[in-house]
Amino acid sequence: MIKFFSFGPAFGLPSPSPFCMKLEVWMKMAGIEYRTKVRKDPTQGPKGKLPFIKHGGVVVADSDIIIDYLSQSFEVELDRELTPHQRATGYAISKMLEDHLYWAMLYSRWVDPNNWKAMRTHFMGHMPLPVRRIMAGLVRLKVKKDLHSQGMGRHSAQDVYWAAKRDLRVVSTLLGDNRFLFGDEPCSYDAVVYGFIANVIDCELESPLKEFGRSHDNLVHYCQRMHERYYAATEVKSVDGQPQAA
Ligand SMILES: N[C@@H](CCC(=O)N[C@@H](CS)C(=O)NCC(=O)O)C(=O)O
């Protein structure tokens, strides 16, 4: 049985991490059984990030590397029906979301003053008060440094959201009237698209990105369809049992 180390449900989402959602949906698509081990501290992972997995004695980190490992170990080939052009497009969309939209999403949660307190409460609420304040400040500082190194953090809030809205518009355009990314059945890239788009538009935290994303009916309906297919049997509850904070 795979042990899946992930941020647990929060803010109305199966995971507030789009990478954890991506991997979980992919494992559901592949029919791979797993047991979720909820973690709030990503530094426990071998690369200091979540998700990671344990399979027998093997530890694998990074959603793409894990998917490659599981594909080989369980002989999974989800994209058999896709053309080379669709595979290339799926890969390009995935990297746009993972390496561009992700940073704006991070900004909207950890830097935007409207959401920062909810993040602090969710991730550090279990700590005693003085420690909570210090840890929360350190984590926020780290996120700001990461955002600065990546580049997104050097922009004004207006420009961050402008840049990320373009990503959302691209996904909406490419999706068009399709039920899933490339037609009537989902492929592996839908795990990525759903993980990221849901983390923006189905998240209880408000942001200009969420508002913009939700103005695109096809994105809203797509997330409903994916949720129905992969999470309908699972009720999304917060880890600490609290009502989902905005
Ligand atoms: N390339 C990694 C990215 C994973 C990632 O960035 N995870 C975030 C949560 S969404 C994390 O653990 N961040 C902690 C950190 O950067 O310190 C993957 O595909 O798994």
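The protein chain exposes about 12300 Å², of which carbon and sulfur atoms supply 52%; accessible areas come from the Shrake-Rupley method with a 1.4 Å probe, and for residues only the protein chains shown count as cover. The model is predicted: local features need pLDDT of at least 70, side-chain atom pairs count only at pLDDT 80 or more, and totals for chains, interfaces and linings use all residues. Residues are numbered from 1 along each chain as its sequence is written, and side-chain values use heavy atoms, with hydrogens and water left out.

Nine helices and four strands form the secondary structure of the protein chain, in the order β-α-β-β-β-α-α-α-α-α-α-α-α from the N terminus. The radius of gyration is 18 Å, close to the 18 Å of the globule rule for 246 residues, so the chain is as compact as a globular protein of that length. This radius is taken over C-alpha atoms, and the rule is 2.2 Å times the number of residues to the power 0.38. Helices (H or I, at least four residues) and strands (E, at least two) are DSSP runs, numbered from the N terminus.

Of the 246 residues, 49% are buried; buried means under 20% relative accessible area, exposed over 50%, and partly exposed in between (1.4 Å probe, protein chains only). Among contacts (heavy atoms within 4.5 Å) between residues at least 6 apart in sequence, 72% join residues at least 24 apart.

Two residues illustrate the two environments.

| Residue | Helix | Relative accessible area |
|---|---|---|
| Glu98 | H3 | 5%, buried |
| Ile134 | H5 (residues 129–150) | 55%, exposed |

Leaving aside neighbours within four places in sequence, Glu98 is in contact with Phe19, Lys22, Asp64, Trp103, Val192 and Phe196. Pro18 is 80 residues from Glu98 in sequence, with 8.4 Å between their C-alpha atoms.

Ile134 joins Val131, Met135 and Leu138 in a nonpolar surface patch of about 350 Å². Residues three or four places apart on an α-helix point the same way, because there are 3.6 residues a turn.

Helix H6 (residues 157–175) has 19 residues and reaches 27 Å from its first C-alpha to its last, close to the 27 Å expected at 1.5 Å a residue; the expected span is 1.5 Å times one less than the number of residues. Its buried residues include Val160, Ala164, Leu168 and Leu175. The buried residues of H6 pack against helices H3 (84–111), H7 (188–201), H8 (208–214) and H9 (217–231). Gly176, with a positive phi near 55 degrees, follows H6.

Methods:
Patches are made of residues with over 30% relative accessible area and no salt bridge: like charges are joined within 9 Å, nonpolar side chains (Val, Leu, Ile, Met, Phe, Trp, Tyr) within 5 Å. A salt bridge is a side-chain nitrogen of Lys or Arg within 4 Å of a carboxyl oxygen of Asp or Glu.
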